[in-house]
Amino acid sequence: ALPIYGGWSLYSAAGDGIKEWNEESPHSGRRCIRIQVGPEGAQLYQSDPDFPPGTTQEISFWMKASVPADLEVYIRTRRPPYDYLGKTTLSITEDWMRYRFEVTIPAEYTAEGNAVFFVFATPGTYDVDDITVEPCTTQ
């Protein structure tokens, strides 16, 4: 896996995947991460996310793709047998758009052994920016 920033890593079955900084057209700030996804797909993930047990959290991020694509987002154990806390599929567009994913964290949750996954299956170029995790305010 290839460390990126803020505890996020990139994995591809063909190796570490290809990533670079996009400094020409980030959503905000000076730059965003640009991921080149080949036919083997790729995963952007953060291990051992420190979510408060017994809460609902919102994961939000800005993303655009070179071609319209589906993106799976979920939290699960890193090793089989997989235990999912939440899973959704989002339709990514060619323009910057904010995406949100809510997940209820069980009272018995422990960070160790879990990960947040963004799973890219469609080949193309993806720009990702402003990933945040905050307590859900729509409860």
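## An all-strand chain, briefly

Going along the sequence, you get β-β-β-β-β-β-β-β-β-β-β. That's 11 strands and zero helices. Keep in mind that this is a predicted model. Below is a quick tour: overall dimensions first, then burial and contacts, surface and charge, and finally a few backbone spots to look at.

**Overall dimensions**

- The protein has 139 residues and a radius of gyration of 15 Å, which agrees with the value near 14 Å that a compact globule of that length would have.
- If you'd rather think in box terms, the C-alpha trace spans about 40 × 35 × 25 Å along its principal axes.

**Burial and contacts**

- Of the 139 residues in the protein, 42% count as buried.
- Take the contacts between residues at least 6 apart in sequence: 73% of them join residues at least 24 apart.

**Surface and charge**

- About 7300 Å² of the protein is exposed, and carbon and sulfur atoms supply 48% of that area.
- On the charge side, there are 11 positive and 20 negative charges in the protein.
- The mean positions of those two sets of charges sit 3 Å apart.

**A cis peptide bond**

- The bond going from P80 to P81 is cis, and its omega is near -5 degrees.
- To find P81, go to the loop between β7 (69-77) and β8 (84-92).

**Positive phi without glycine**

- D48 isn't a glycine, yet its phi is positive, at about 50 degrees.
- You'll find D48 in the loop that runs between β5 (42-47) and β6 (56-65).
- D48 has a relative accessible area of 35%, so it counts as partly exposed, given that this class lies between the 20% limit for buried and the 50% limit for exposed.
- D130 is another residue other than glycine with a positive phi, near 55 degrees.
- As for where D130 sits, it belongs to strand β11, which covers residues 124-135.
- The relative accessible area of D130 is 28%, so this aspartate is partly exposed too.

**Putting the backbone spots side by side**

- D48 is in a loop, whereas D130 is in a strand.
- P81, the residue on the far end of the cis bond from P80, is in a loop as well.

Key:
Residues numbered from 1 in each chain as written. Predicted model: local features only at pLDDT ≥ 70, side-chain atom pairs only at ≥ 80, totals over all residues. Heavy atoms only, no water. Helix = DSSP H or I, 4+ residues; strand = E, 2+ residues; numbered from the N terminus. Rg over C-alpha atoms; globule rule 2.2 N^0.38 Å. Buried < 20%, exposed > 50% of the residue type's maximum accessible area, 1.4 Å probe, protein only. Contact = heavy atoms within 4.5 Å. Areas by Shrake-Rupley, 256 points an atom, 1.4 Å probe, with all protein chains shown as cover. Lys, Arg positive; Asp, Glu negative; His and termini not counted. Charge placed at Lys NZ, Arg CZ, Asp CG, Glu CD.
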